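Colleague: I should be grateful for a close look at a single part of this model. Please give the cut-offs behind each term as you use it.

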Amino acid sequence: MLSGPDGSPGRSTSAIRSAGRTILPQRDLALLAENAFLRQQNAAQNERIEELENRLKKYENAHTPSSQQDGAGQQPQNEESEQDEENDEAGGDSDAASDSSSGPGRNPGHEGTTRPPPDPDRTVRVGEAYCPDCDHVLTDPDEYVSRVIVDIPLPIPTEVTKYELGKQECSCGNEVVAEHPDCPETGRFGPRLLAQTALLRYHGRLPHRKQAELFDWQLDHPVSPATIYNMTERVADRLRPAYEDVRASVRDSDVIYCDETGFPVDGDQHWVWTFVTDEDVFYTIDESRGSQVLEDVLGDELAEDATLSCDGWSAYPSYHGKLQRCWAHLLREAKYVAERHEEAEPISEVLHDLHEDLTAFDEEDPPASARERRRARASLCLEELIRADYETEEVTQLAEKIRNGLGCWLTFVTEPDVDSTNNRAERALREQVVMRKMFGGLRSETGVRIHETISTMVATWERQGLDPPDQLTSILGGEQPESRAEASTRGPR
């Protein structure tokens with residue numbers, strides 16, 4: 001250390017200390033500024049992460065099909081190329097190359113069968129042949145080899161019938177015109193063509209424009225898409241009384257499976273609702289997703305002992321007290337949460353084991369007293385799950401979901417005719433989801449009426465084991481359609 005003449009610190013030492021006191025605060029300020037910047041940057045990144053996670057939940061959540069979760073079903077390019085090469089070597093696609101018993105074709109050990117050929121309408125004898133080796137034309141065959149070919153003529157022949165309807169004046173002064181079941185009051189298309197047009201739209205999912213093209217290509221009868229639309233409207237008008245009969249039948253049912261999903265109408269959000277029973281499938285489209293729709297379809301007050309099977313949407317408990325909440329939704333959500341949070345794993349395991357035990361118990365068809373006792377024990381098991389305190393928000397929400405449906409999870413245990421899941425309604429609604437994706441929605445109230453009417457009748461006939469083309473043609477032709485009992489007696493066509 002440098003000192004002055006009296007032994008005190010010199011000027012150089014004082015200058016160093018002064019400089020040190022100046023540099024240290026500057027460093028502190030720089031660190032504070034950097035810390036503030038990093039905090040701000042971290043907050044912005046956390047906000048961005050939260051935004052992206054919320055967006056991801058729309059595409060990957062408890063209700064996302066397992067085949068689409070975590071990138072399932074998406075094959076890397078190199079693996080896809082290798083698979084294609086294997087398929088090429090096998091002489092077909094991946095299904096053809098697979099030796100799995102679940103693939104197409106007969107299983108190993110199963111004796112093959114061939115459809116017997118139909119009786120021919122005409123016979124064409126071909127006697128002239130050409131030899132590719134020596135270019136000779138051969139005209140005197142030693143024998144004939146028969147092959148039966150099934151084909152359709154193009155254009156498909158149509159039958160044009162002119163009906164001359166008698167017009168008479170009754171003694172009461174009323175003017176009467178004769179009627180024929182195959183001569184519709186409106187338009188020039190008969191019942192079979194009307195039926196096929198409606199089925200191509202609501203069973204084959206064919207847009208109006210595509211149907212108009214088929215009229216031109218196959219029938220050699222050009223029409224516009226508007227004509228196709230008008231034809232489906234005539235069909236819906238004839239089916240509307242039967243549609244209301246299905247509504248009345250659903251109202252009288254003891255167990256009704258319900259579900260709903262979005263279906264745009266003229267650009268606005270609407271909802272297509274489905275109501276499924278053992279005999280019927282009923283669709284209605286409404287701008288509301290509330291309990292008012294349930295009142296419109298099922299009446300102001302459903303029978304007290306009737307059961308509604310549903311998901312957790314609030315409209316259902318607002319309308320009716322006796323519910324069966326869908327276990328498929330609950331188990332799927334429990335598995336989803338358990339894969340992300342360790343503390344949810346016991347919940348998922350207990351729920352899956354409980355459902356498996358209860359469904360096995362239900363299949364044994366036990367007496368009512370045993371069902372009541374089993375339901376009470378199962379209820380205690382669910383209550384035990386919701387008593388615990390959970391740390392993560394998702395697990396807490398899962399427990400809350402169990403708590404909210406506590407009186408509705410176990411209805412199927414004491415009601416033998418009730419399923420534990422709402423799969424019946426979900427399967428019926430799947431067809432509407434496909435049509436929504438293909439058609440993009442509806443454009444008018446008339447389109448809504450057409451859609452819900454024809455969709456209801458086609459789905460109901462299929463559920464009852466009836467033939468939709470026969471049923472539709474009979475109704476459009478003014479005939480009494482075949483009943484389910486008659487169809488079961490007749491057997492398959």
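Modeller: The account below concerns the salt bridges, with attention to the contact between two helices.

The model is predicted, so local features need pLDDT of at least 70 and side-chain atom pairs count only at pLDDT 80 or more, while totals for chains, interfaces and linings use all residues. Residues are numbered from 1 along each chain as its sequence is written, and side-chain values use heavy atoms, with hydrogens and water left out.

In general, side chains of opposite charge can pair when their charged atoms come close. Here a salt bridge is taken as a side-chain nitrogen of Lys or Arg within 4 Å of a carboxyl oxygen of Asp or Glu. Across the whole structure, the search returns 21 salt bridges.

One of them joins aspartate 237 to arginine 449, with 2.7 Å between the closest N and O atoms. Because aspartate 237 belongs to helix H6 (residues 225–251) and arginine 449 to helix H15 (residues 445–463), this pair ties together parts that are 212 residues apart in sequence. Helices are DSSP runs of H or I with at least four residues, and strands are runs of E with at least two; both are numbered from the N terminus. Aspartate 237 is partly exposed at 41% relative accessibility, and arginine 449 is partly exposed at 23%. For these classes, buried means under 20% relative accessible area, exposed means over 50%, and partly exposed lies in between (1.4 Å probe, protein chains only).

A further salt bridge connects glutamate 452 with arginine 240, whose closest N and O atoms are 3.3 Å apart. This pair also links distant parts of the chain, since glutamate 452 is in helix H15 and arginine 240 in helix H6, 212 residues apart. Glutamate 452, at a relative accessible area of 6%, is buried.

A pair within one helix may be set beside these. Arginine 387 and glutamate 384 form a salt bridge with a closest N and O separation of 2.8 Å. About one helical turn separates arginine 387 from glutamate 384, because the two are three residues apart in helix H11 (residues 368–387). Both arginine 387 and glutamate 384 are exposed. Elsewhere, Arg240, Glu244, Arg247 and Glu452 are joined into one network by salt bridges that share partners.
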